Amino acid sequence: MLERALNAFWILLGAAAAAYAWTLGIVGPSGPESGLFPLIASLIILSAGVVLLVRPPARLAAPEPLPAAALARIGGVVAGLAVMAIGMPYLGFAVAGAITMIILLRTVERTSWAGSIALAVISVAAVLWLFGHGLGMVLPRGPWGF
Amino acid sequence: MDALSGLLTGFAVILTVQNLYLCFLGSLIGTLVGVLPGVGPLAALALLLPVTFTMSPVGGMVMLASIFYGAMYGGSTTSVLLNIPGEAASVVTCIDGHQMARQGRAGAALGIAAIGSFIAGTLGVVVMTFFAPAIAAAAIRFGPPENFGLMVLGLVCTLFMISGSAVKGVLMVALGFLTAAVGIDVVNGRERFTFGSVDLSGGVELLAVVIGLFGVAEVLVNVETLTPSTLLAERITGLWPTLADWRASWRAMLRGSGLGFILGLVPGGGPVTASFMSYALEKRVSPHPERFGKGAIEGVAGPESANNAAVAGSLIPVLSLGIPSNPVTALLLGALIIHGIQPGPLFMTQRPDLFWGIVASMYVGNVFLLVLNLPLVGLWAQLLRIPYRVLFPIVLLLSVVGTYSANKNVFDLWVMLGFGVAGYGLRKLEYDLAPFVIAFVLAPLLEQSLRQSLVMSPDGAMILLQRPVTAFLLAASAVLVVLMFRKSKPGGGSK
Amino acid sequence: MKQGALAWTLCAALIATPVAAQSGDPKADLAKLKPKDFPTQPIEFTVVYPAGGGMDVTARLLAKYVEKWSGDRVIVNNRTGGAGMVGHSYLATQAKPDGYTVGVLANLVWGDAMLRAQGRWSLSDLEPIGYLNSDALTWVGPTEGPYKGMSVKDIVQAAKDKPGTIRIATVPGSMWEYIVEQIEASSGAKFLRVPFQGGGAGITALVGGNVDVAQGFYSEFRGHLEAGKVAPLAVAAATRMDFLKDMPTFNETFGASEYLWQVIRFAIVPKGTPADRKAYLAAAIHAAMKDAELIAEYRKAGVYFDPKLTDSTRLADDLGAYAEAERQFYVKTGRLK
């Protein structure tokens, strides 16, 4: 089911990219233009999507649906990283990193609150020291100076 | 000054307490930088460049160079142990190296990687010592047509790496080309596929793609099932490669060294391309290619040797001619200029102390790194005793910093996350990710050199056949493609 | 443009004051200007090009001497991508105007602002606080092959006699291309333009025999020059360069005044930076630029100090004059309405 959706996605992606590449121009006076290589690539993607839809290759492993708990864990990791990306410019690396660490530690295997907070603070501090002092890299600071 | 007397001069320069210490320090930092996912030699060199201002030019350059090749030693560590590459040049090591770790042979994998790196690094420096000027003179004639030929050969090698469904593999290659097209078209300065976004106008950052596809996706795969706390620690049997390992690897090491060295010389190459092409080569020449992907030690020995040899190769144009072939050597050039030294063809004769000092330091540095890395194998293996639920958040945190270090742009973190989720999905649906990465790396230069060649040639595409090296490379590619089709047995793969 | 002019005049006034107030010991004078509570963390010098390049080297040398004179910690940060566009946008729209971010830019930012910013930001978002140096675009030719020994006039003539055969390395969308356009327009010559990602790559191609003429800066070809692999043809500056007195300028060769293409490097702060911090940063850069050692290091890299911009008390206006000339070029060639 997911496979068919993906194959449909390839077809759509290939078609859309090919259309866009066409507008970039294909061949010009001095040889290929900006659109040629993307056009070829997107047509290959399109055809591959069609082939996969029509004649799916034998799968090596039988597909199994994921239990809800697994999805929750995956969601937790994704959420943690998203918080990092959203939060870092406003909260600075230290705070955003600590929050992300806590999310990751809590959602995946239920580390205790005390343990999570402690580990988050220690690891963020260690990373800041290693990169800030050790390598001299400047990581974004939050509104409170660190 | 001939090679041997030059080398003696170099050793006289390097064998001081100060310079030896800096060489060791650089090796240590390089190893560490290689281990940390995302932070690569380029970021480390850019950050540590100011530190070298207070040192003598020799000391500063020696330290920077040793960070560069040290990173190629350390990169294999997380690849083998965690299936997360330390940097782009260690991606292929994940494929077979981690499988070896799962079979309890992490020690052998790491050991062979270190030894292969040492052999390749040392061989590379030896060739550099005796043949640098001649090689440089030949390398400089490599123009756009030759680059194109080489990139086509690389692309064909990519096809060898495809395991499983051929259609899916080709789709991944095409997707790599498409993703590489995002950004500014170098040939005419126009923006492609950027949709008005300033961040996308810089293109998609390779580091973010690699860390996402192989780091974040790996973590997602692992958290799907509650992994047992100590992942592999119990299963580490020997810490050293066995005789059988040696017999299997030594040829791969030599092949990887040669291939990597050549690829380091040319602008389109470098350690990343070298590692991929070495893997493809090993798979192609092996009598049992089906072993690859399941823990074939050649799949570790070859690429790890290749990326080290590529470092030595890439130092030749910069030291002999003042021409950089990748961003790291461009930075080394800048470092020379800041230290008041003029790089160029006369560098070797004007500053023999500096030139030969750096060359001599590479012999010493490779020894340091071997001595550093072999015992560390045991230490890294202990790392696996940390429960995974604690280990993976730390790894992700480091990955975030590493990805951020490339351009200091938060947008790259979104790219990393996006590719992480996509990589996870694609892995579940049995798509091979390595062909995507190598296509992504090769595509820009392949397209650019083809279009440059066509522009500069009065006869259009005929230039590709008129230049002997290009014609040879293209012919070799064609031959490989034919061989590939003949080799695939009926019913093998999916057609 | 009126608002922009007002902003630039204000900046100029703010810069002029501390420059005029300095008397004896530079370090002490600088310390007097130091605002309270600033800086408490390292100052970032943002470079929008990759590490190791000409811009990066300039910024790192500047940082070294600013540290020396001010005692503050300076870190150079490379924000690369999109041939500088990503970094320029960052400085103009995202960087916090708190005095901790200083952009070390080239006049290539003007092209980005005028042609590619598409209204998202403009030059008035960046306030110049110090002039660093200039680097003039130079044509170099081969020392082997059919075109060796020819002067720039001969080569242009050859490009006119045999249009589309002389291969010249260009970087599309920037001054490398513009000067070729100018020469072609005024002489009727036609070059075969081979695109590269930077001047350095073009010079490599020249040495390897893959192009016939390359364009770049002194620091890029000096090594090859000294080894006799390239021959300097002409420079796109107002006067001849001290370090290559035998090389003519384009203007004197062709009797024109339009062949002026150089990289002008200067420092900026984002608009809105507090006046006292801005004045302090300007003074610190000024002190560094007066250091004899730094001047010597810059000269080694083949840059020159434009007399119109050095020690200018109206830096924003003087830079603005150059920017306006560039804008006129864009209008004349149809790139801007």
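**Entry 1: the small sheet of chain C**

I began with strand E5 (residues 138-142) of chain C, which pairs with E9(C) in the antiparallel sense over five bridges. The model is a predicted one. For one pair in register I noted Pro142(C), which stands opposite Val230(C) in E9(C).

I then looked up the sheet around E5. Three strands of chain C form an open sheet, ordered E8-E5-E9, and the pairing is antiparallel. Its edges are strand E8 (214-216) and strand E9 (230-235) of chain C, each of which pairs on one side only. From one strand to the next I have a twist that averages 35°.

I also checked what lies across these strands. Helix H9 (residues 218-226) of chain C lies across E5, E8 and E9 of chain C, and runs at about 145° to E9(C).

**Entry 2: strand E10 of chain C**

I went on to strand E10 (residues 262-270) of chain C and asked how many of its residues are buried. The count is nine of nine, so the strand is largely enclosed by the rest of the structure. I listed the two faces separately, and both are covered. On one side the buried residues are Gln262(C), Ile264(C), Phe266(C), Ile268(C) and Pro270(C). On the other side they are Val263(C), Arg265(C), Ala267(C) and Val269(C).

Next I looked up the pairing of E10(C). With E3(C) it pairs in the antiparallel sense over four bridges. With strand E4 (residues 126-136) of chain C the pairing is also antiparallel, over nine bridges. I marked Ala267(C) in both pairings: Val104(C) stands opposite Ala267(C), and Ala267(C) is the bridge partner of Gly130(C).

**Entry 3: helix H5 of chain C**

I looked at burial again, in helix H5 (residues 108-116) of chain C. Seven of its nine residues are buried, so I put H5(C) down as largely enclosed by the rest of the structure. The buried ones are Leu108(C), Val109(C), Trp110(C), Gly111(C), Asp112(C), Ala113(C) and Arg116(C).

What covers these residues? I found that the cover includes helix H4 (85-94), strand E3 (101-106) and helix H13 (315-332) of chain C. E3(C) is already in my notes as a partner of E10(C). After H5(C) comes Gln118(C), and I noted its positive phi, near 50°.

**Entry 4: helices H3 and H11 of chain C**

I took helix H3 (residues 54-70) and helix H11 (residues 275-289) of chain C as a packed pair. Their axes are 8 Å apart and meet at an angle of about 105°. Angles of 65 to 115 degrees count as roughly perpendicular, so H3(C) is roughly perpendicular to H11(C).

From H3(C) the contact takes Leu62(C), Tyr65(C), Val66(C), Trp69(C) and Ser70(C). From H11(C) it takes Ala284(C), Ile285(C), Ala287(C) and Ala288(C). I sorted the contact by class and got eight nonpolar residues, one polar and no charged.

**Entry 5: chain B against chain C**

Last, I looked up the contact of chain B with chain C. It takes 43 residues from chain B and 44 residues from chain C. On the chain B side, the elements that give two or more residues are strand E1 (183-184), helix H9 (198-201), helix H14 (327-338) and helix H19 (434-456) of chain B. I asked which of them gives the most. That is H14(B), with seven residues. By class I recorded 25 nonpolar, 15 polar and three charged residues on the side of chain B that touches chain C.

Methods. Residues are numbered from 1 along each chain as its sequence is written. Chains are lettered from A and ligands numbered from 1 in the order in which they are written. This is a predicted model: local features need pLDDT of at least 70, side-chain atom pairs count only at pLDDT 80 or more; totals for chains, interfaces and linings use all residues. A residue is buried if 20 or more other C-beta atoms lie within 10 Å of its own, exposed if 12 or fewer, and partly exposed in between; C-beta atoms are placed from the backbone. Two residues are in contact if their C-beta atoms, placed from the backbone, lie within 7 Å. Ala, Val, Leu, Ile, Met, Phe, Trp, Tyr, Cys and Pro count as nonpolar, Asp, Glu, Lys and Arg as charged, and the others, Gly among them, as polar. Two strands pair if DSSP finds at least two bridges between them. Axes are lines fitted to C-alpha atoms, for helices over the stretch in contact, and angles run from 0 to 180 degrees between N-to-C directions. Angles under 35 degrees count as roughly parallel, over 145 as roughly antiparallel, 65 to 115 as roughly perpendicular and the rest as oblique.
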